[in-house]
Amino acid sequence: MIRFAYGCIPSIMSLAFANTLVRRGGLVPTSILLSSGGLRFQKKRYTPAQVLPVFLRQFGARFTGYNVLAGLGGTLLPFGAPRGGLMSFQQLSRAYGIPLTVSDDFSGEKTVESLRRQEVDLVVTSMCDQILREPLLGLPRHGCLNIHPSLLPDFRGVDSIFQAMLNGVPEVGTTLHRTTARIDAGDVYGQSAFTRAASDSHLALTVKATAAGVWLLKRHVEALAQGQTPPSHAMDVTRARFPYRSWPTREELERFHTAGQVFWRAEDFRRLLRFDDPTDPTTRDVPPFAGEPLRTAAR
């Protein structure tokens, strides 16, 4: 058995990923690391109260409101999920015996020592606002992995889904890659892509893309459990058609809205709360990993 920890910043999207990971993928983490201490923005960390006026000035009401709603959904689950629907992090912890660790520094000695005591073999992040560094990077024997919602090396950075929508790409991708000191630049272990529907919101695409990462991770973990070395290839960031981007600019946000793109729809939240299967039926492996079929919940 491969013992792994999952790390993220609490949000409705990371909560949906954790539910899919455990309840659909059958991958139960040894522990879940929840990032605390507020949001990291422009190399500074802000509490929720501090970041609100900063975001309003920088991005305007629509983008700020979306981020507030997404954050509240991950910490408070305020809408009252139906029976059998989305479970909170606390509910997942109780139901599956998963310890929750709240930490403002995953790479700090206190968190690393906790993971060392748990004898984790692997650390996995998805939708995480912390940049991992030593000694955490060198702790697990199978390394640290990240699930990034794009076909890397394209759209490295903070909000790859926003940039994909802004640039009108027809497919949205997911990459499972090794975490290194350089952001979104480690060796690639698997990639998948699905066709983007015109009606897909930012929230819907994020949930679909990260859910696809569950099946990439499951295949990787199963190979490790069988004593195999999962195939990988080095990432050449110089080949990116769409280079690294940080937070959206005001001009990009205006273009996004002018093009009729939206961050969320009410039905997106209803599907999340019902815990509908987020797998997009068009999901496929991307070469050079297309030799093995990608298992999804639909298969």
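**View 1. Glu171 and its partner across the strands.** In this predicted model, Glu171 sits opposite Thr195, a residue of strand 9. That pair belongs to a longer run: strand 8 (residues 171-178) and strand 9 are joined by 7 bridges, in the antiparallel sense.

**View 2. Strand 9 and its cover.** How many of the 8 residues in strand 9 are buried? The count is 7, so you're looking at a strand (residues 188-195) that is mostly covered. Strand 9 also pairs with strand 10 (residues 284-285), again in the antiparallel sense, this time over 2 bridges. To spot where they meet, find Ala193: standing opposite is Arg284 of strand 10.

**View 3. The whole sheet, strand by strand.** Try tracing the order 5-2-1-6-7-8-9-10: these 8 strands make an open sheet with mixed pairing. Which strands are at the edges? They are strand 5 (100-103) and strand 10, each of which pairs on one side only. As a general reminder, strands in a sheet pair through backbone hydrogen bonds, and the pairing can be parallel or antiparallel.

**View 4. The strand 5 edge.** Here strand 5 pairs with strand 2 (residues 31-35) in the parallel sense, over 4 bridges. Look for Leu33, whose bridge partner in strand 5 is Thr101.

**View 5. Two helices on the sheet.** Helix 4 (residues 89-96) lies across strand 1 (4-8), strand 2 and strand 5, and runs at about 145° to strand 5. Helix 5 (residues 109-117) packs on the sheet too, touching strand 1, strand 2, strand 5 and strand 6 (122-125). Compare helix 5 with strand 2 and you'll find their directions make an angle of about 170°.

How values were computed:
Residues numbered from 1 in each chain as written. Predicted model: local features only at pLDDT ≥ 70, side-chain atom pairs only at ≥ 80, totals over all residues. Heavy atoms only, no water. Buried < 20%, exposed > 50% of the residue type's maximum accessible area, 1.4 Å probe, protein only. Pairing = 2+ DSSP bridges. Contact = heavy atoms within 4.5 Å. Axes fitted to C-alpha atoms, helices over the stretch in contact; angles between N-to-C directions.
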